[in-house]
Structure formats: structure tokens, C-alpha cells
Amino acid sequence: MINEKIRKAFNEQINHELFSAYLYYSMAAYLHSIGLDGMAQWMHVQVLEEMLHAQKFFDHIVERDGKVELEAIEKPQLEWISALEVFQAAYKHEQFISGRINDLMKLSREENDYASQGMLQWFVDEQVEEESSTSKIARQLELIGETGNALLMLDKELGARAYKPPQATGE
Ligand code: FEO
């Protein structure tokens, strides 16, 4: 059985992961609106990954006889000034999520909850990837600027991103 402190904290994390999906959906909508459909596609894949993250916390609570309690999801930002600002904001958001995961790991250690620590290690590794991918795209956008062929080429490259279901990633 999952302990109450961990259950509550994991419930909150489900909300953070669902908000992440909502935020990236909003970023996709903005990127479509400025004609960068490839970058929008990249964000659509990100939405699916965030839904998977929420599902992992959901499943963990249920498997350990806890009850999931969903809260309202905050309205996301709707407009940005450029693709660069979008990816800088995505990077900043991922840094925030990494902090949350680290806090959960700390709590699981304090509570001697070894099952949670095993599950959270997956997220610790995942956040390295999440921060790296968003910061890399932001840096590329800084280099190439807001217009021109290079922007369109990067848009095309990012549009090739496809969602890998958990089985295909070894999870
Ligand atoms: Fe669920 Fe992008 O971290």
C-alpha cells in the first residue's frame, strides 16, 4: 500500500504532467498559427509523452492500492513572440519538472519507499533527455534566427519526430 504523503505528492505530479501536455498542446497551436507545422508536430509528440508520464504515476498509485484524485488543470499560456521563445519556455518548464521529480525522490527516500524510488529513477533519466532536447532546439533557434531557409530546414527536421510507444522504447 502506498503511504499517504507519497500518494498525495504523486497525485499532484499527475496534475503537473497533464499541465505539461496542455502547455505543449498550446505551444503546438501557436506554432501552427505562425506556419511552423514541423515544430508543431514535435510538440504534438511531446504531448503524447507527457500523457504517458501522467499514466505512469496514475498506474503506480493504483497498483499500490491508492486512489487517484484528479484536480483542475490550469489554463496554459496561449501566445508567444516567436518559436525561440516557445522552446526557451519549454526548456524552463522542463527544468521546473526536473525539480519536482527531484523533490519526489527526496520524499520517497525520507519515507523509505523503495518501490517509488525505482519508479522515479526512470523519471530522473527521462528529465535529462527532456531538458537536453528542448535546450538544444532553443540554442539552434538562437543561432539561425527567426526567418530564412535555415528556420524552414529546422522546421522540416523537427517535423520528422514520431512518437515511440513504450514497448518500442523498452519500457
Ligand atoms: Fe513529463 Fe516533459 O516531463
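This section describes two residues of helix α3 and the largest pocket in a predicted model.

Helix α3 spans residues 83-110 and contains I101; R100 lies in this helix as well. I101 has a relative accessible area of 0% and is buried. For R100 the corresponding value is 16%, and this residue also counts as buried because the limit for that class is under 20%.

The surroundings of the two residues were examined with neighbours within four places in sequence left aside. On this basis, R100 is in contact with A9, E12, Q13 and H16. The contacts of I101 comprise Q13, E17, F57, L120, F123, V124 and Q127. Q13 thus appears in the contact list of R100 and in that of I101. Among the contacts of I101, L120, F123, V124 and Q127 fall within the residue range of α4 (114-144), while F57 falls within that of α2 (37-63). A separation of 10 Å is found between the C-alpha atoms of I101 and D125, which are 24 residues apart along the chain.

The largest pocket encloses about 520 Å³ of space. Its lining consists of 22 residues, and those nearest the pocket centre are E49, E129, S133, R161 and K164. At least two lining residues are supplied by each of α2, α4 and α5 (149-159). The greatest contribution comes from α4, with eight residues. By residue class, the lining of the largest pocket comprises nine nonpolar, nine charged and four polar residues.

Technical notes: Residues numbered from 1 in each chain as written. Predicted model: local features only at pLDDT ≥ 70, side-chain atom pairs only at ≥ 80, totals over all residues. Heavy atoms only, no water. Helix = DSSP H or I, 4+ residues; strand = E, 2+ residues; numbered from the N terminus. Buried < 20%, exposed > 50% of the residue type's maximum accessible area, 1.4 Å probe, protein only. Contact = heavy atoms within 4.5 Å. 1 Å grid on protein atoms, 1.4 Å probe; cavity = no way out; pocket = protein on both sides within 12 Å on 5 of 7 lines; lining within 4 Å. Points joined across faces, edges and corners; volume = space filled by probe spheres on them. Nonpolar A, V, L, I, M, F, W, Y, C, P; charged D, E, K, R; others polar.
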